[in-house]
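Please look over the sequence and the model below before reading on. The paragraphs after them go through the fold step by step.

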Amino acid sequence: MSNLETLWQRGKKFLGVTHPIIAGAMTWISDSHFVSAVCNEGAFGCLAAGNMEPRLLDQEIRRTQALTDNPFAVNLITIAPHYKEHLNIAVKNKVPFIIFAGSYPRQPEIRTAKENGAKVLSFASTESLAKRLIDMGVDALILEGSEAGGHVGHVSLGILLQQVLFKVQEVPIFVAGGIATGAYIAHLLLMGAAGIQLGTLFVLTEECRAHPKFKEAFIRARARDAVATPQVGSELKVVSVRALKNKGFDRFSELQIELIQKRKKKEISHTEAQYQVENYWVGALRRAVQEGDIEYGSLMAGQSAGLVNQVKPLKDVISDLIHEAEEELKKVKARMQALLDNREGNW
Ligand SMILES: Cc1cc2nc3c(=O)[nH]c(=O)nc-3n(C[C@H](O)[C@H](O)[C@H](O)COP(=O)(O)O)c2cc1C
């Protein structure tokens with residue numbers, strides 16, 4: 001068995017795949033075409049339910065089932081308007097894995113998923129939340145650092161590893177956020193991750209049907225261009241989303257300043273101002289992904305955008321990650337051997 005095989009056995013068994021590399025759900029990107037392509041390459045795909053019309057989700061699940069025999073997940077946003085219907089559709093179609101995202105799921109929702117044969121994954125951002133979710137019956141956890149693309153927490157993966165990965169052994173833990181190289185994957189597995197989840201890197205695959213302009217923006221981007229949505233002041237709350245800076249970002253900051261000024265002059269209620277803030281990005285990801293509006297659309301991307309610079313076939317992306325991880329593990333082994341032999345290593 002190769003070093004990598006040994007290290008990621010737990011994740012492999014849990015997901016029932018050849019490579020426990022999760023292509024994290026990406027709203028408007030992770031459709032049946034992309035997800036089945038990922039699964040057919042031996043990795044693990046996640047259908048993004050997002051804000052989808054329930055009937056469309058039903059169709060997309062069936063299409064994925066028709067296009068691949070391999071397991072996949074449906075990623076449900078617990079705060080989405082159709083969430084409850086999405087959950088019912090996922091269990092009705094007997095999807096093998098359900099990932100709860102957005103916020104964390106309630107006990108009855110986990111029970112419904114499990115009673116219908118699904119394994120359940122959920123995101124955890126602290127040790128206590130991880131323990132609570134495990135007590136509620138979650139089968140595996142995802143730790144996603146704030147380096148990631150899309151809706152993010154405020155804590156980087158390095159901290160989450162120390163807060164959760166190093167302390168929680170009961171269930172497999174998959175880690176995400178800023179991963180784009182096999183070398184990094186090797187070290188995350190050595191630290192105890194059961195497998196890994198990536199988003200940004202998978203945008204730059206031939207099988208991802210995002211608009212060419214969306215992909216070009218990723219190719220051009222530096223790591224520091226992928227920033228969390230700005231919040232001007234503390235009165236109006238902004239949900240943190242990591243995306244590539246564009247004109248839409250500037251306009252969003254200006255809007256907040258205008259609204260705060262109107263609030264001071266009592267020209268607008270807090271509810272109305274907050275509504276305008278929340279409404280600003282509605283539909284913006286779809287416009288960027290499908291129509292190529294890279295100026296004002298939402299270019300959700302992680303900081304790993306700075307590590308990727310070409311579109312490749314999925315097959316090559318996955319095999320390159322595996323090859324790099326194996327090479328890194330050989331280096332680690334040589335270092336460890338030097339340590340064991342008490343030789344001077346090249347630290
Ligand atoms: C365009 C885009 C859309 C995303 N949509 C979702 C989503 O619908 N649900 C979810 O749980 N995560 C979503 N994510 C997060 C990814 O699933 C994944 O966890 C994240 O991209 C990993 O970090 P990375 O981008 O640094 O690889 C999205 C990410 C991107 C880039």
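The text below takes up the domains, the sheets, the ligand shell and two backbone details.

The model is predicted. Its chain is divided into two domains: domain 1 covers 3-209 + 312-340, and domain 2 covers 224-304. Domain 1 is thus written as two segments, 3-209 and 312-340. Between the C-alpha centres of domain 1 and domain 2 the distance is 27 Å. The two are in contact through 17 residues of domain 1 and 15 residues of domain 2. On the side of domain 1 that touches domain 2, β7 and α10 each supply at least two residues. The residues of that side divide into 7 nonpolar, 9 polar and 1 charged.

Two sheets can be followed in turn. One is a closed barrel of 8 strands, with the order β1-β2-β3-β4-β5-β6-β8-β9 and parallel pairing. From one strand to the next, the twist averages 25°. Strand β1 (residues 21-23) and β9 run parallel and are joined by 3 bridges. Within this pair, I22 of β1 stands opposite Q197 in β9. Strands of a sheet pair in general through backbone hydrogen bonds, in either the parallel or the antiparallel sense.

The other sheet is open and antiparallel, with 3 strands in the order β7-β11-β10. Its edge strands are β7 and β10, each of which pairs on one side only. Strand β7 (residues 150-151) is held to strand β11 (residues 241-244) by 2 bridges. Here G150 has R242 as its bridge partner in β11, and H151 has V241. On the other edge, strand β10 (residues 226-228) pairs with β11 over 3 bridges, again in the antiparallel sense. V227 stands opposite A243 of β11 in that pairing.

Where does the ligand lie with respect to domain 1 and domain 2? Both domains give residues to the shell around the ligand, so the ligand lies between them. The shell has 27 residues, and G24, G149, G150, G199 and G302 come nearest to the ligand. The elements that give two or more residues to the shell are β9 (195-198) and α10 (200-203). By class, the shell has 12 nonpolar, 13 polar and 2 charged residues. Some parts recur at this point: α10 also supplies residues to the side of domain 1 that touches domain 2, β9 is a strand of the barrel, and G150 is bridged to R242 in β11.

Two residues call for a look at the backbone. Most residues other than glycine have a negative phi. W28 has a positive phi, near 70°, and is not a glycine. This residue is found in the loop between β1 and α3 (32-40). Is W28 buried or exposed? W28 is buried, because 20 other C-beta atoms lie within 10 Å, and 20 or more is the cut-off for a buried residue.

K94 also has a positive phi, of about 55°, although it is not a glycine. Its place is the loop between α5 (83-92) and β4 (97-101). K94 has 11 C-beta neighbours inside 10 Å and therefore counts as exposed, the limit for that class being 12 or fewer. Each of the two residues is thus in a loop, W28 after β1 and K94 before β4, but W28 is buried and K94 is exposed.

How values were computed
Residues are numbered from 1 along each chain as its sequence is written. This is a predicted model: local features need pLDDT of at least 70, side-chain atom pairs count only at pLDDT 80 or more; totals for chains, interfaces and linings use all residues. A residue is near a molecule or strand if its C-beta atom, placed from the backbone, lies within 6 Å of it. Helices (H or I, at least four residues) and strands (E, at least two) are DSSP runs, numbered from the N terminus. Ala, Val, Leu, Ile, Met, Phe, Trp, Tyr, Cys and Pro count as nonpolar, Asp, Glu, Lys and Arg as charged, and the others, Gly among them, as polar. Domain bounds come from an automatic or database domain assignment. Two strands pair if DSSP finds at least two bridges between them. Axes are lines fitted to C-alpha atoms, for helices over the stretch in contact, and angles run from 0 to 180 degrees between N-to-C directions. Two residues are in contact if their C-beta atoms, placed from the backbone, lie within 7 Å.
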